[in-house]
Amino acid sequence: MSTLFAATLTLILSALVPLSSANIHINKCRSYCGNITIDYPFALEQGCGHPGFRDLLFCMNDVLMFHISSGSYRVLEIDYAYRALTLHEPHMSTCDTMVLGGKGNGFAIEQWRAPYFNPTADNVFMLIRCSARSPLFQGFPGQHLPCRNVSGMGCEEYGQCPSWSLVGRKRVGTMYGSGPPECCAVAFQSIKVINLTKLECEGYASAYSLAPLRIDGPKEWSYGIRVKYSVQGNDEFCRACEATGGTCGYGTDGVRQLCMCGSMNSTSNCDSVGSSSSRISWSLTDLLAGFCILLSIWTTISHK
């Protein structure tokens, strides 16, 4: 009888292990690249995250890269609280280095991604040595585009940087005089695309402000591209999915959002696949009841 009991007990316990964890949905999408957490709406794996953010991030040797039509940028930070990314690219000029020759990527994004990503309003692009034929000085159409400071940062201050000693400095500022200035500071929203080839500029610098910090001079500016991201569409879908233990993702069409619930997917949330969970709960109850009955029988027999 003891052998029969042991065999039955083993069978019951082996069944309890997978059943007891059947309702636990593990977030298989959240990951890391170096010291940066990759979470919704971003992802590194196909099918994870928001469909508007697909094929965007790549992790290479623990370095997180952001790839769009204008090129690849290193991701320095993802700020989920403020929904912003900080990007860097090697051909961007700073206060200490000047990169000319039109090598810089600037910032241009695919039209279908435009609703999702835009450099922040306090991010200034300082375009360096643009041709007199540049659209900057011809207007976008019917309107002349002024060079101006953005969030207290502009070419007058940037012209004080040591990097300018590397080039023949002429007119660093906002006055046109007999020709275009050596540097023209603009906000991204005023031209929508920073493309050095189309703008006929030799280089650019980009800096952003982290208000309310007061920065004294261009040497202390934060150089890089600060991009605000926005989750378009039904953001409530993801909240409902995560509230029921699921992970947000998208289908093979790259458009439709899905809620990943363990080995099953749902077009709403994990409660919609709860019928199978209910059957599991009944099975687990039955097994526990059977175990108690078997234990009672074995105890009675063993004491005779």
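Cys95 and Cys161 are both buried in this predicted model, and the two residues form a disulfide in which the sulfur atoms lie 2.1 Å apart. The bond joins distant parts of the chain, since Cys95 sits in the loop between strand E6 (84–88) and strand E7 (117–119), while Cys161 belongs to the loop between helix H3 (155–158) and strand E9 (183–187), with 66 residues separating the two cysteines. Because the torsion about the S-S bond of Cys95 and Cys161 is about -100 degrees, this disulfide is left-handed.

A second bond to look at is the one formed by Cys261 and Cys270, whose sulfur atoms are 2.1 Å apart. Its torsion about the S-S bond is about -100 degrees, and the disulfide is therefore left-handed; Cys261 and Cys270 are also both buried.

The disulfide of Cys33 and Cys59, in which the sulfur atoms are 2.0 Å apart, has a torsion about the S-S bond of about 90 degrees and is therefore right-handed. Cys33 lies in strand E1 (residues 31–33) and Cys59 in strand E3 (residues 57–60), so the pair ties together parts of the chain that are 26 residues apart in sequence. As for the surroundings of these two cysteines, Cys33 has a relative accessible area of 2% and is buried because this value falls under 20%, whereas Cys59, at 33% relative accessibility, counts as partly exposed.

The three bonds followed here, Cys95 with Cys161, Cys261 with Cys270 and Cys33 with Cys59, are among the 9 disulfides that the structure holds.

Key. Residues numbered from 1 in each chain as written. Predicted model: local features only at pLDDT ≥ 70, side-chain atom pairs only at ≥ 80, totals over all residues. Heavy atoms only, no water. Disulfide = S-S within 2.5 Å. Helix = DSSP H or I, 4+ residues; strand = E, 2+ residues; numbered from the N terminus. Buried < 20%, exposed > 50% of the residue type's maximum accessible area, 1.4 Å probe, protein only.
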